[in-house]
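Dear colleague,

I am handing over the structure we spoke about, and I would be glad if you could look through it at the bench. My notes on what was found follow directly below it.

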Amino acid sequence: MGQTLTEKILSDHLVEGDLTPGEEIGIEIDQVLMQDTTGTMVWLQFEALDLDEAQTELAAQYCDHQTYQFDFKNTDDHRFLRSAAGTYGAHFSRPGNGICHNVHKENFAAPGKTLLGSDSHTPTPGGLGQLAIGAGGLDIAVAMGGGAYYVEMPEVVNVRLEGELPEWSSAKDVILEMLRRETVKGGVGKVFEYTGPGAESLSVPERTTITNMGTELGATSSLFETDEKTKDYLERQGRGDEYVELTADDDAEYADEIVIDLGDLEPLIACPSMPDKVVPVREVAGEKVEQVLVGSCTNGGYEDILPAAKMFEGREVAKHLEMIVAPGSKQAGEILARQGWTAEMMAAGVNVSEATCGPCIGIGHVPASDSISLRTFNRNFEGRSGIEDDNVYLCSPQVAAAAALKGEIIDPRDLADELGDLDAPGVELPEKYDGSKTDLIYAEDAIDDELIKGPNIGEVPLQDPLGSNISGETLLKMEDNITTDHIIPATSDILKFRSNIERLSDFTLSRVDETFAQRAKEAGTGVLVAGENYGQGSSREHAAMCPMYLGIEAVLAQSFARIHKANLFNFGIVPLAIDEETYEKIEQGDDVEIVDDVAEAVESGQEEFTIRVNDDWEATANLHASERERRILTAGGKLPLTKQQAEGG
Ligand code: SF4
């Protein structure tokens, strides 16, 4: 039987297990990437593991999320990251050079290689045939030390794209259509492989918009086969020699097939505040818009901004709104500037920003209260923009630019009819990409050979081995779809403590309950209860590390997001699945006790646990964990276990 492309790449990298969906496999990692807000902890963990040098073919550290450097803590973090990259042999990309996924795609992403990144949108270079997966920082540190990465073998789903995109529709509409159909949970445990004539019709940058936002489906990764377009893209980046032809076998068997006719796609938009609340733009047309942003790792490329710039040429954005363009990389910004498009945009009233994540996580350009902001980003979780009562819509650059010109949400086809002289801009690649290499410090040119730690850079917290008893108060009961933004917000006042867990933990779950951290500290121990899809969103391991630091020993949820569940194991917190009836019955403040001897039960492979609530009623909770995950839990987390193993314990 033939293999899917995912199976082919995994087979080439397999070090443990077989490719049975749902079973855990260990794979070798070729490349790792880190961004600034997760990278500090990766390097502190790498240091704690007593490792001398990155063992992967390539490691790259980017400074992209918090580039504005509001106080010395951010700048200290960036200096620490540069020193760590230099000391341990990673490439370094300084603030202003762009978003990790964009810069990695431009400079290092390679077909057929595996990439592990401490950021949930790591799957972006799947559009170039690279199997890329987001993970927690500790997994990155271990992989960078030469250890395998363990993941549940995903089901591989074929997304067959037919036809070609009509004018005014874009790659963003393809992934919004996927979200409309499959929802934010539809990709859990899956890799989406995009094939068919529609896939062939898309350029690499369009493909990476789709693979980037596969993360919002909860997918492990997303992939495109490689072809002439992949080769052409790499050649334009000056890396043609890295091209490899990669396709699925004709008789490959997929777990499922989804068919999308690109010709049927109209401009779509995701309404506040979930990426899967997708409707045609015409359904929400007429809503007044006060802010529009084009950029991010989803739509911050030259090829994304150019269509918007063409729409602005010779026109003016509506006076009552702010129109911001933040290129995803310096490369994109520099080419647009050299070609004169930056001047065109500025003449139209566009505020052209630096290349950064910034506004995507509420750092800069926070919307006005009770207003509508249209963004070409990938997430619109409530509060992510930096204000709790935000109304963020997600759309393509074409829809965003149309709204900026009209001052309200409008389907760009209708704006074209109104204006009469607005042509649909196509997607164009520059003849030759250049412009980002100058700001990279390659590992071989490192300017540091020892770690530079400022006063805000703390220690890695460690957890004791798992005990036999877990009992405590339900310190918080939460709803479905709690995101890692809820658990540890990423706003600027909080981000600066990412390398200082003692301080950062004060903000744990503050967006759900401001008193939580204080109550947890007073209780000393306790459990959390949540509905479906707990921990969706980013890869940030701080969302497990801080609850651990506050004494949380177990999370009881109806289901868990993949990366967050792995992070809970990595930090010694027991993730237990409960059914809906138990979820409904359990109340905040209830005392919960796991009746079993927890350490013994986890070690012996027991799946069903009995929980007793208020000494009154009992229910079953399930631990779905591999043998390896059980060893991690028993040791008190992955760091203590890895250290034990290294010491031969
Ligand atoms: Fe940056 Fe936003 Fe992309 Fe995350 S999703 S990497 S914050 S641009």
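Strand E3, residues 31-34, and strand E6, residues 114-117, run parallel to one another and are joined by three bridges. Within this pairing, Gln31 has Leu115 of E6 as its bridge partner. Please keep in mind that this is a predicted model, and that the pairing of E3 with E6 is therefore part of a prediction.

The two strands belong to an open sheet of six strands, with mixed pairing, whose order is E7-E6-E3-E4-E5-E20. At the edges of this sheet stand strand E7 (131-134) and strand E20 (440-441), and because each has a single partner strand, one side of each is left without a neighbour in the sheet. Helix H3, which covers residues 72-88, lies across strand E4 (58-62) and strand E5 (91-93), and runs at about 160° to E5.

Turning to the chain as a whole, there are 25 helices and 27 strands. The C-alpha trace spans about 75 × 55 × 50 Å along its principal axes. For 649 residues, a compact globule would be expected to have a radius of gyration near 26 Å, and the 24 Å found for the chain agrees with this. Of the 649 residues, 59% are buried. If one considers the contacts between residues at least 6 apart in sequence, 78% of them join residues that are at least 24 apart.

With best regards

How values were computed: Residues numbered from 1 in each chain as written. Predicted model: local features only at pLDDT ≥ 70, side-chain atom pairs only at ≥ 80, totals over all residues. Helix = DSSP H or I, 4+ residues; strand = E, 2+ residues; numbered from the N terminus. Rg over C-alpha atoms; globule rule 2.2 N^0.38 Å. Buried ≥ 20, exposed ≤ 12 C-beta atoms within 10 Å, placed from the backbone. Contact = placed C-beta atoms within 7 Å. Pairing = 2+ DSSP bridges. Axes fitted to C-alpha atoms, helices over the stretch in contact; angles between N-to-C directions.
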